[in-house]
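Colleague: I am new to this structure. Could you show me how to read it, one feature at a time?

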Amino acid sequence: MQADRRIAGMRVALELAKRGVRGANPLVGAVIIDSSGSILATGYHRGAGTPHAEADALTRLGPIPADAAREATMLVTLEPCNHVGRTGPCAQAIIDAGIGKVVYAAKDEGSEAAGGAARLRAAGVNVEQGLLETDALDLNHRWFLARAGKRPFTTLHLAQTLDGRIAAADGTSQWITSPDSLRHAHQIRSRVDAIVVGTGTVLADDPRLNARDEHGRPFDRQPRRIVMGEREIPAGAALAADANWEQIRSHDPRMVLGRLHEAGISHVLIEGGSSIITAFLAEDLVDEIYLYQAPIFLGAGRQSIGDLGVGTLGDARAFRLDPIDGESVQILGTDTLTHLEP
Ligand code: AOF
Ligand code: ZN
């Protein structure tokens with residue numbers, strides 16, 4: 001089979017991967033091709049807790065004759081996993097399906113899931129690594145960085161006016177963005193392991209910080225709620241209504257993330273306020289941003305971002321549009337939502 005058919009297939013896998021959502025798990029895509037390079041099935045990982053890309057592709061492939069499976073190649077953007085986590089292990093699923101060859105782009109070293117390639121080889125599967133590796137590493141560059149740094153992947157929630165304000169001059173801030181934005185934000189809350197806010201936000205807004213549907217009903221999956229900072233939280237605070245919260249008495253984002261990693265948290269949502277947001281951005285500890293913008297100006301009031309120590313344009317904190325399923329900007333009622341990555 002020509003090498004360019006495999007490259008084309010891996011490109012499809014990389015594009016499919018981008019349909020998923022970032023977080024605790026990497027974006028992963030998979031394509032199964034026959035000996036002539038024609039695509040038999042495709043799959044991708046939709047996000048933490050859902051089937052892996054390889055399993056998704058094998059499900060869509062369905063049963064095929066053993067000799068056809070032996071002739072087939074699975075192209076996957078990340079080394080197949082070798083652990084039983086929330087799903088998996090994919091290496092065994094590929095072996096069980098009788099797939100003859102696996103080509104993966106990036107290695108999955110240093111994770112609980114590592115060792116898939118060795119398991120495949122031991123079962124007689126032909127395994128190759130490195131096809132479009134640079135693209136595959138770039139696809140999840142922040143996820144790899146977070147893992148190497150032994151810290152959770154971080155998502156920043158920014159809900160602001162056109163002039164970047166999160167509260168008016170008198171402190172009023174509810175609600176700057178539309179109900180559609182709020183609903184979206186609650187879905188994100190239900191996906192993360194923990195929400196981080198500063199003591200200032202708790203004292204000013206008294207938020208519940210749980211994840212609710214549009215009728216106010218809590219979702220089954222709730223994030224842990226983390227308050228960072230020194231100030232005392234009153235026992236009657238809304239978030240203290242149940243035990244699912246904790247205070248970390250520190251302003252240092254790296255230290256807080258280190259503690260959360262040790263507590264087994266893989267994905268955190270940074271919700272504010274501005275001093276917390278600024279601290280994470282200043283330390284380059286924001287892995288993606290959901291930016292909700294309401295079509296209003298305030299002209300005064302609290303800015304979402306404070307001093308980042310940027311003195312000249314060349315030092316700006318730069319982000320790029322990061323499409324989810326093809327779109328990096330969407331309309332939520334009267335607002336726009338932009339998805340960005342460093
Ligand atoms: C994914 N999607 O398509 C592949 C992954 O918690 P689990 O069971 O979902 O396992 C997550 C780990 O599995 C992940 O960190 C990565 O090392 C490996 N491979 N993960 O989420 C996929 N192939
Ligand atoms: Zn897997």
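Colleague: Let me begin with contacts. Among contacts in the protein between residues at least 6 apart in sequence, what share join residues at least 24 apart?

Modeller: One caution before the figure: this is a predicted model. The share is 73%.

Colleague: How many helices and strands does the secondary structure of the protein come to?

Modeller: Count 11 helices and 16 strands. Then look at overall size. The radius of gyration is 22 Å, and the globule rule gives 20 Å for 342 residues. Those values are close, so the protein is as compact as a globular protein of that length. The C-alpha trace spans about 70 × 40 × 40 Å along its principal axes.

Colleague: What percentage of the 342 residues count as buried?

Modeller: The figure is 41%.

Colleague: Now sheets. In what order do the five strands of the open sheet stand?

Modeller: Read across the sheet, not along the chain. The order is S2-S1-S3-S4-S5, with mixed pairing. S2 (39–44) and S5 (126–129) are at the edges. Each has a single partner strand, so one side of each lacks a neighbour in the sheet. On average, neighbouring strands here are turned by 15 degrees against each other, direction ignored.

Colleague: Which helix packs on this sheet?

Modeller: Helix H1, residues 3–17, does. H1 touches strand S1 (29–33), S2, S3 and S4. The direction of H1 makes about 145 degrees with that of S1.

Colleague: In which sense do S3 and S4 pair?

Modeller: Parallel. S3 covers residues 73–78 and S4 covers residues 101–106, and five bridges link them. For one bridge, find Thr-73: its partner in S4 is Lys-101.

Colleague: Let me try side chains in strands. What is the general idea?

Modeller: Side chains in a regular strand alternate between the two faces of the sheet.

Colleague: Which residues of S8 point which way?

Modeller: Ala-194, Val-196 and Gly-198 point one way from S8. Ile-195 and Val-197 point the other way. Every one of these is buried. That fits the count for S8, where five of its five residues are buried.

Colleague: Which strands pair with S8 (residues 194–198)?

Modeller: Take S9 and S11. Five bridges join S8 to S9 (residues 224–228), and the two run parallel. Ala-194 has Arg-224 as its bridge partner in S9. S8 and S11 also pair in the parallel sense, over four bridges. There, Val-197 stands opposite Gly-272 in S11.

Colleague: How many residues of S11 are buried?

Modeller: Six of its six, across residues 267–272. S11 pairs with S6 (residues 153–161) as well, in the parallel sense over four bridges. Phe-153 has His-267 as its bridge partner in S11.

Colleague: For contrast, let me pick a single residue. Is Gln-247 buried or partly exposed?

Modeller: Count the surrounding C-beta atoms. A residue needs 20 or more others within 10 Å to be buried. Gln-247 has 17, so it is partly exposed. Gln-247 lies in strand S10 (residues 245–248). Leaving out residues up to four places away in sequence, Gln-247 touches Val-227 and Ile-233. Ala-48 is 199 residues from Gln-247 in sequence and 26 Å from it in space, C-alpha to C-alpha.

Colleague: Next, S16. Which strands pair with S16 in the antiparallel sense?

Modeller: Two cases to begin with. S12 (residues 288–294) and S16 (residues 335–341) share five bridges. In that pair, Leu-291 has Thr-338 as its partner. S15 (residues 329–332) and S16 share four bridges. Gln-330 has Leu-337 as its partner there. S14 (residues 320–321) also runs antiparallel to S16, joined by two bridges. One of these partnerships is Leu-321 with Leu-340.

Colleague: Which residue takes a positive phi in the hairpin of S15 and S16?

Modeller: Gly-333, with phi near 60 degrees. This hairpin has two residues between the strands.

Colleague: Last, the ligand. How many residues surround ligand 1?

Modeller: 17, and the closest are Asn-25, Val-28, His-45, His-52 and Gly-85. By class, the shell has seven nonpolar, seven polar and three charged residues.

How values were computed
Residues are numbered from 1 along each chain as its sequence is written. Chains are lettered from A and ligands numbered from 1 in the order in which they are written. This is a predicted model: local features need pLDDT of at least 70, side-chain atom pairs count only at pLDDT 80 or more; totals for chains, interfaces and linings use all residues. A residue is near a molecule or strand if its C-beta atom, placed from the backbone, lies within 6 Å of it. Ala, Val, Leu, Ile, Met, Phe, Trp, Tyr, Cys and Pro count as nonpolar, Asp, Glu, Lys and Arg as charged, and the others, Gly among them, as polar. Two strands pair if DSSP finds at least two bridges between them. Axes are lines fitted to C-alpha atoms, for helices over the stretch in contact, and angles run from 0 to 180 degrees between N-to-C directions. Two residues are in contact if their C-beta atoms, placed from the backbone, lie within 7 Å. The radius of gyration is taken over C-alpha atoms; the globule rule is 2.2 Å times the number of residues to the power 0.38. A residue is buried if 20 or more other C-beta atoms lie within 10 Å of its own, exposed if 12 or fewer, and partly exposed in between; C-beta atoms are placed from the backbone.
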